[in-house]
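Visitor: I am new to this structure and would like to learn how to read it. Could you walk me through it, one feature at a time?

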Amino acid sequence: MPENLAVATFVEAGLQPLEEYPGSMRPWRAAHTCGGVVSPTLSNVRVGRGICRYCNSSFPFASDADLYMVENGTAIKIGISAPESDRLSAHRRQGWRHLWSIRLPTGDDAYNLEQAVLRWWRDELLFPPAYPTSAMPQEGATETVLAEEVSPSEVLTFVLQRLEEQGVSNPSIRMAVPVLD
Ligand SMILES: [Zn+2]
């Protein structure tokens, strides 16, 4: 699609492009009318999908959110949740146990930390998810790893180091149970 038509499509969807058109399949940084800076692809925006995660998600990308870890004896899982959500209860009903949570100022912070942990597991350590999607009715299988591969305290240390690098030296951590190596 020519750039002027691409821009028109974005503007129509309430998105003001912030960089040159990268092609229809690539993330394109833009400011949504809500003020959120997002990077949807043109091909998604054309079919009305994934326009703005700040507006189209129940997850609070712009306010308080938790990064949490649960385990079930076989695997550990990293996740993000809204402060008052029933996400941890959903895991408990499937036999998972809450280990720790960190309250972050925004859901964006929680999301970025979660993605950093997943890149570490998948791209550096090369550990695959512990479960296929079908094995977790409450969803989240792609955020699991076998417990024998990485310990919960290693993950906590990794996250705290990232936060320290971002200038957060005293994050709000809630330990549900003592984390043992
Ligand atoms: Zn928005």
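Guide: We will go from the whole chain to its helices, and then to single residues. Please keep in mind that this is a predicted model.

Visitor: How many helices and strands does the protein chain have?

Guide: The protein chain has 5 helices and 8 strands. Read from the N terminus, the elements come in the order α-β-β-β-α-β-β-α-β-α-β-α-β. The C-alpha trace covers about 55 × 35 × 30 Å along its principal axes.

Visitor: What share of the residues in the protein chain is buried?

Guide: Of the 181 residues in the protein chain, 26% are buried. A second thing to look at is how contacts bridge the sequence. Taking contacts between residues at least 6 apart in sequence, 54% join residues at least 24 apart.

Visitor: Let us turn to a helix. How does the span of H4 fit its 18 residues?

Guide: The general idea is to compare the end-to-end distance with a rise of 1.5 Å a residue. H4, with 18 residues, should span 26 Å, and its end C-alpha atoms are 25 Å apart, so the two agree. H5 can be read in the same manner: its 14 residues reach 20 Å from the first C-alpha to the last, close to the 20 Å expected.

Visitor: Which residues of H4 are buried, and what do they pack against?

Guide: A general idea helps here. An α-helix has 3.6 residues a turn, so residues three or four places apart point the same way. In H4, the buried residues are Gly107, Asp108, Asp109, Ala110, Leu113, Val117 and Trp121. The buried residues of H4 pack against strands S4 (65–71), S5 (75–81), S6 (97–104) and S7, and against H5.

Visitor: At what angle do H4 and H5 pack?

Guide: For a pair of helices, look at the angle, the distance between axes and the handedness. H4 (residues 107–124) and H5 (residues 152–165) pack at about 125°, and their axes are 10 Å apart. The two helices are therefore oblique to each other. H4 passes H5 in a right-handed crossing.

Visitor: Which residues meet where H4 and H5 come together?

Guide: On the H4 side they are Leu113, Ala116, Val117 and Trp120, and on the H5 side Val155, Phe158, Val159 and Arg162. Sorted by class, this contact has 7 nonpolar residues, no polar ones and 1 charged one. Leu113 and Val117 also appear among the buried residues of H4.

Visitor: How covered is H1?

Guide: H1 is hardly covered, with 1 buried residue among its 10 residues. Val7 is one residue in H1, which runs over residues 3–12. Val7 is partly exposed, because 18 other C-beta atoms lie within 10 Å. Leaving aside neighbours within four places in sequence, Val7 is in contact with Pro17 and Tyr21.

Visitor: What comes just after a helix, in terms of phi?

Guide: Here we check the sign of the backbone angle phi. Just after H1, Gly14 takes a positive phi of about 85°. H5 is followed by Gly167, with a positive phi near 90°. Just after H4 comes Leu126, with a positive phi of about 60°, although Leu126 is not a glycine.

Visitor: Is Leu126 buried or exposed?

Guide: Leu126 counts as exposed, because it has 8 C-beta neighbours inside 10 Å. Leu126 lies in the loop between H4 and S7 (144–146). Glu139 lies in the loop between H4 and S7 as well. Glu139 has a positive phi of about 75° and is not a glycine. With 12 other C-beta atoms within 10 Å, Glu139 is exposed.

Visitor: How far apart in space are Gln138 and Ala90?

Guide: The idea is to set separation in sequence beside distance in space. Gln138 and Ala90 are 48 residues apart in sequence and 6.3 Å apart in space, C-alpha to C-alpha. Gln138 is placed in the loop between H4 and S7. Leaving aside neighbours within four places in sequence, Gln138 is in contact with Ala90, His91 and Gln94. For another pair, Val7 and Phe59 are 52 residues apart in sequence and 28 Å apart in space, C-alpha to C-alpha.

How values were computed
Residues are numbered from 1 along each chain as its sequence is written. This is a predicted model: local features need pLDDT of at least 70, side-chain atom pairs count only at pLDDT 80 or more; totals for chains, interfaces and linings use all residues. Axes are lines fitted to C-alpha atoms, for helices over the stretch in contact, and angles run from 0 to 180 degrees between N-to-C directions. Helices (H or I, at least four residues) and strands (E, at least two) are DSSP runs, numbered from the N terminus. Angles under 35 degrees count as roughly parallel, over 145 as roughly antiparallel, 65 to 115 as roughly perpendicular and the rest as oblique. A crossing is left-handed if the near helix is turned anticlockwise from the far one by less than a right angle, and right-handed if clockwise. Two residues are in contact if their C-beta atoms, placed from the backbone, lie within 7 Å. Ala, Val, Leu, Ile, Met, Phe, Trp, Tyr, Cys and Pro count as nonpolar, Asp, Glu, Lys and Arg as charged, and the others, Gly among them, as polar. A residue is buried if 20 or more other C-beta atoms lie within 10 Å of its own, exposed if 12 or fewer, and partly exposed in between; C-beta atoms are placed from the backbone. The expected span of a helix is 1.5 Å times one less than its number of residues.
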